[in-house]
Amino acid sequence: MPLDFTKHFVVVPTEFKLRNNTDCSWKVTVKLMNGRVTLDQGWATHAAVHQIKIGYMVTFKLLTPDTLKVIFDNDGIEVVNKCGKHNEAFAANE
């Protein structure tokens, strides 16, 4: 994520909930590497289940201090996805 992303936080959370347009949520861990926020555990599963492919534009919108809305496709248009394939280990509990 861009370096400017961290300016929105006093302290960058260690975990985020990723929410899509169907209000399904996934939890991912966060790492700070070289001043950049990177999504770690949970991201690969989220990307696979939602079929995020290389070349897709992924946009994150900060909804709350620990929740990001994820918008993605190869044209930057929001994709409607169902969340029936959640891996329970990474599904965020509401």
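**Briefing: a predicted chain of one helix and five strands**

Buried residues, meaning those under 20% relative accessible area (exposed is over 50%, partly exposed in between; 1.4 Å probe, protein chains only), make up 32% of the 94 residues in the protein chain. The model is predicted: local features need pLDDT of at least 70, side-chain atom pairs count only at pLDDT 80 or more, and totals for chains, interfaces and linings use all residues. Residues are numbered from 1 along each chain as its sequence is written, and side-chain values use heavy atoms, leaving out hydrogens and water.

**Confidence**
- The mean pLDDT (the predictor's confidence in each residue, from 0 to 100) of the protein chain is 76, and 76% of the residues score at least 70.
- Among the elements, strand β1 (residues 15-19) has the highest mean pLDDT, 91, and strand β5 (residues 67-73) the lowest, 80.
- Where pLDDT is low, the predicted coordinates should not be read in detail.

**Fold and strand pairing**
- The protein chain has one helix and five strands; these are DSSP runs numbered from the N terminus, with helices (H or I) of at least four residues and strands (E) of at least two.
- Along the sequence the order is β-β-β-α-β-β.
- Strands count as paired if DSSP finds at least two bridges between them; β1 and strand β2 (residues 25-33) are antiparallel over five bridges.
- Glu-15 stands opposite Thr-29 in β2.
- The hairpin of β1 and β2 has five residues between the strands, and Asp-23 in the turn has a positive phi of about 65°.
- β2 also pairs with strand β3 (residues 36-39), in the antiparallel sense over four bridges, and Leu-32 has Val-37 in β3 as its bridge partner.
- Two residues separate β2 from β3 in their hairpin, where Asn-34 takes a positive phi near 55°.

**Core and contacts**
- The largest nonpolar core (buried Ala, Val, Leu, Ile, Met, Phe, Trp, Tyr and Cys residues joined through side-chain atoms within 4.5 Å) has 14 residues; Phe-5, Phe-16, Leu-18, Val-28, Val-30, Leu-39 and Leu-68 have the most contacts inside it.
- β1, β2, β3 and β5 each supply at least two residues of this core.
- Leaving aside neighbours within four places in sequence, Phe-16 is in contact (heavy atoms within 4.5 Å) with residues including Phe-5, Trp-26, Val-28, Leu-39, Leu-62 and Leu-68.
- Of the contacts in the protein chain with a separation of 6 or more, 49% join residues 24 or more positions apart.

**Surface**
- The protein chain exposes about 6,000 Å² (Shrake-Rupley method, 1.4 Å probe), and carbon and sulfur atoms supply 53% of it.
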